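Visitor: I should like to learn how to read a structure of this kind, beginning with its ligand and continuing to its sheets. Would you guide me through it?

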Amino acid sequence: MTVEEPAGHLVPAPDYTPDEVLVAGEWRRGNGAPVETVDPATGRTLAVLAGADAADVGEAARRAAVAAADPAWRELPAHRRARLLHRIAELIEDGADRLCALQTADTGKCRAETLALVHSAAGTFRYTAAVLETAEDAVTPARGDYVTLSVHEPIGVIGAITPWNSPIASDAQKVAPALAAGNAVLLKPAEWTPLVALALGRIVHHALTEAGLPAGLLSVLPGPGRVTGDAIVRHPAVGKVTFTGGTRTGRGIARLAADKVMPVSLELGGKSPTIVCEDADTEQALAGVLFGIFSSSGQSCIAGSRLFVARSRYDAFVGELVDRARKLRVGPGTDPDTQVAPLVHHAHRDHVAGYVDLARSEGARVRCGGAPPEGERYRDGAYYLPTVLDGLPHSARACQEEIFGPVLVALPFDDEDDLVAQANDTVYGLACGLWTRSAATAWRLARRIDAGTVWINTYKQFSSSTPFGGMKDSGLGREKGRDGIRAYQRQKSLYWGTAATPLPWAGS
Ligand code: NAD
């Protein structure tokens, strides 16, 4: 592989073809099945690389355990680990344009979005560094002749398994706190989008080497989930798995983790409600609902994919929404005018199309979209038009299952109780957006809806300092926030005797 060095251009140009994976600090060809990544705007193959197999994972895990236990890392003071995180952030920012281009090629996403994701990844490293430097252990109140301390220690080796929809942000959200907490990390990106994780691997590897720290602290191991991901979860040296992906996969990982009595964090799927109350500001609500479902082409765990509108406003609001959805600009992620880019892969586009066909067979009215766009520009890409469905009962599969594409289901509601009953009638509980001018309504609804995050008069806004995670089948645990690092540590209690005389049994 040709990579332009040094720092500032650690990230390869978008036309590079990686043929190596990162096994505990060593770049080499994997022993596993080929991993092919395709530009979904053109169908062109970007790279085919030999992925990591179970033996590669085994070696990475063993060497990661050694690196994690190395006193050069284990005893590194927090402010020095924080410096490493700041350096990684700086290298990400230096390579922002290339990382952004790489992610647009790999995922199809719009440049504006991938640039935001890249800066969000750098911000995650910086925020985590700040938390790390200011995190305190506790002197707990003693109830005898001793001083009691509660301290946090690294777990050792963390398996971090990520999906394809926002790779650099998901990767950073796991790698930054796991390293900050003093661990080594095995990062397994999704099969369809390995390029950004490998580029991040290059950056972290460079920063570790430059700081004289064990290079084995990070591995980047692309490969099929059932092989590479499974080997990470099962490996005895791996002390925790942090997973973002589908609920079915997460449930399987949790089962394996139970056998090892291993902690897991699970960021899973969603079917999030967006709610337009009777008194909502129309413009704000329209913009929020459109952005909530059609940005990222709906390929977002927090996509607002079920729209509930107060019955008195339903016809007018949905009519206007449909008009605006028709006008959204569909095109390649490289075109600055594009609002709705192709889906990540042709196979995923077909999956989304299958759901719309299913909805039709369930009696849905397709108010707009419901097909790939026509024309030469779209011929080779994995495009699908922004789609609004209605006329379905809430029990329909299109209302209950995560479609993960630009497909919105609209439903009316009669009153607050009817709304809450419908909105909570799902196995998921990830996010919710609601539009109202009444603070009292916002407060009541925000507390009654099952969701880890509720946006009021806005949608899909994020902050590193605000915890994120799901309820119900949407997951377990929280990422981000001051406690984000704690998810990668074990707590230990110390009792330090201060009595002048021995314990009563000393003489027996
Ligand atoms: P997925 O579950 O198919 O795959 C996610 C990752 O798990 C990939 O790296 C995959 O290779 C790996 N994997 C698959 N089978 C595995 C196994 N048996 N053992 C270990 N690893 C395995 O999900 P996806 O299709 O890549 O991503 C889309 C899903 O991710 C959606 O459901 C979406 O809602 C969810 N998601 C959730 C969040 C969140 O924060 N809650 C964020 C983004 C995406």
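**The ligand and its surroundings**

Guide: An oxygen atom of the ligand is 2.7 Å from an N or O atom in the side chain of Thr249. Please note that this is a predicted model.

Visitor: Which backbone atoms lie at 2.7 Å or 2.8 Å from an oxygen atom of the ligand?

Guide: For Thr162, a backbone N or O atom is placed 2.7 Å from a ligand oxygen. For Gly246, the corresponding distance is 2.8 Å, again from a backbone N or O atom to an oxygen of the ligand. As to burial, the ligand on its own has 840 Å² of accessible area, of which the protein covers 84%.

Visitor: How many residues surround the ligand, and which are the closest?

Guide: The ligand is surrounded by 26 residues, the closest being Lys188, Glu191, Thr249, Leu268 and Glu402. Sorted by class, this shell contains 12 nonpolar, nine polar and five charged residues.

Visitor: Which helices and strands each supply at least two residues of the shell?

Guide: They are helix H8 (225-234), strand S10 (238-244) and helix H9 (247-260). H8 gives the most, with three residues.

**The seven-stranded sheet**

Visitor: How should one read a sheet in general?

Guide: Strands of a sheet pair through backbone hydrogen bonds, in either a parallel or an antiparallel sense. In this structure, seven strands make an open sheet with mixed pairing, in the order S14-S15-S16-S13-S12-S18-S19. Strand S14 (365-368) and strand S19 (453-456) are its edges; each has a single partner strand, and therefore one side of each lacks a neighbour in the sheet. From one strand to the next, the twist averages 25°.

Visitor: How many bridges join S14 to S15, and in which sense do the two strands run, parallel or antiparallel?

Guide: S14 and strand S15 (residues 387-390) run antiparallel and are joined by three bridges. Cys368 is found opposite Val388 of S15.

Visitor: Which strands does helix H10 touch?

Guide: Helix H10 (residues 282-294) packs on the sheet and touches strand S12 (273-276), strand S13 (306-310), S15, strand S16 (407-413) and strand S18 (431-435). The direction of H10 makes about 140° with that of S16. Helix H11 (residues 311-327) also packs on this sheet, in contact with S12, S13, S14, S15 and S16. Between the directions of H11 and S13 the angle is about 135°.

**The three-stranded sheet**

Visitor: In what order do the strands S5, S6 and S22 stand, and why is one side of S5 and of S22 without a neighbour?

Guide: The order is S5-S6-S22, in an open sheet with antiparallel pairing. Strand S5 (138-140) and strand S22 (489-497) stand at the edges with a single partner strand each, so one side of each has no neighbour in the sheet. Direction ignored, neighbouring strands of this sheet are turned by 30° against each other on average. Three bridges link S5 with strand S6 (residues 146-154), and Val139 has Leu149 in S6 as its bridge partner.

Notes:
Residues numbered from 1 in each chain as written. Predicted model: local features only at pLDDT ≥ 70, side-chain atom pairs only at ≥ 80, totals over all residues. Heavy atoms only, no water. Pairing = 2+ DSSP bridges. Helix = DSSP H or I, 4+ residues; strand = E, 2+ residues; numbered from the N terminus. Axes fitted to C-alpha atoms, helices over the stretch in contact; angles between N-to-C directions. Contact = heavy atoms within 4.5 Å. Near = heavy atom within 4 Å. Polar contact = N/O pair within 3.5 Å; in protein donor to acceptor, adjacent residues only side chain to side chain. Areas by Shrake-Rupley, 256 points an atom, 1.4 Å probe, with all protein chains shown as cover. Nonpolar A, V, L, I, M, F, W, Y, C, P; charged D, E, K, R; others polar.
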